[in-house]
Amino acid sequence: MPIQPQQLAALMREVEQEDPIDFADLPFPDDDLRQLVASHLCEMAASMENFSTEDRLMTLLAVSAKLVLENLVLHVQLLRRHGLPVGDNVEALLSRLRKGGSGPEK
């Protein structure tokens with residue numbers, strides 16, 4: 001049986017215990033936003049029911065990678081807008097990019 005949006009939203013809350021999301025002053029309840037995202041992702045996963053397991057995994061990884069990249073870009077933009085320094089991890093990634101490195105050393 002496929003995962004239900006409520007189950008995914010609960011898992012999201014568990015993950016957030018380790019790495020909380022700053023919802024700041026958004027005019028929406030946190031749980032409503034989680035439920036919206038969980039529903040969207042469950043619909044996306046259901047639309048891949050005819051995909052092979054490998055293709056489904058690759059597609060979900062690609063979606064995850066795109067979201068992490070988007071989060072990184074928005075985070076750096078926000079810090080720069082407010083004249084704040086980026087963290088050490090982000091600075092290390094940006095430094096690697098400036099040097100022309102795109103991945104782990106070979």
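**Exercise 1.** By class, how many nonpolar, polar and charged residues does the lining of the largest pocket have?

*Solution.* Start with the ground rules. This is a predicted model, where local features need pLDDT of at least 70, side-chain atom pairs count only at pLDDT 80 or more, and totals for chains, interfaces and linings use all residues. Residues are numbered from 1 along each chain as its sequence is written, and side-chain values use heavy atoms, with hydrogens and water left out.

Step 1: fix the term. A pocket is an open set of points on a 1 Å grid over the protein atoms alone, where a 1.4 Å probe fits, with protein on both sides within 12 Å along at least five of seven lines; lining residues have an atom within 4 Å of a point.

Step 2: take the volume. The largest pocket has about 1,600 Å³, counted as the space filled by probe spheres set on the points.

Step 3: find the centre. The lining has 31 residues, and Ile21, Asp22, Leu67, Asn71 and Leu74 are the closest to the pocket centre.

Step 4: sort by class. Ala, Val, Leu, Ile, Met, Phe, Trp, Tyr, Cys and Pro count as nonpolar, Asp, Glu, Lys and Arg as charged, and the others, Gly among them, as polar. The result is 18 nonpolar, six polar and seven charged residues.

**Exercise 2.** Which helix gives the most to the lining of the largest pocket?

*Solution.* Step 1: list the candidates. Helices are DSSP runs (H or I, at least four residues), numbered from the N terminus. H1 (5–18), H2 (30–47), H3 (53–81) and H4 (88–98) each give two or more residues to this lining.

Step 2: pick the top contributor. H3 gives the most, with 11 residues.

**Exercise 3.** Trace the salt bridges around aspartate 31, then judge the exposure of the partners.

*Solution.* Step 1: define the contact. A side-chain nitrogen of Lys or Arg must lie within 4 Å of a carboxyl oxygen of Asp or Glu. The whole structure has five such salt bridges.

Step 2: take the pair between helices. Arginine 13 and aspartate 31 meet at 3.3 Å, N to O. Arginine 13 lies in H1 and aspartate 31 in H2, so this bridge ties together parts 18 residues apart in sequence.

Step 3: take the pair within H2. Aspartate 31 also bridges to arginine 34, at 2.7 Å. The two residues sit three apart, about one turn of the helix.

Step 4: check accessibility. Buried means under 20% relative accessible area, exposed over 50%, and partly exposed in between (1.4 Å probe, protein chains only). Arginine 13, at 35%, is therefore partly exposed. Aspartate 31 is partly exposed at 43%. Arginine 34 is buried at 9%.
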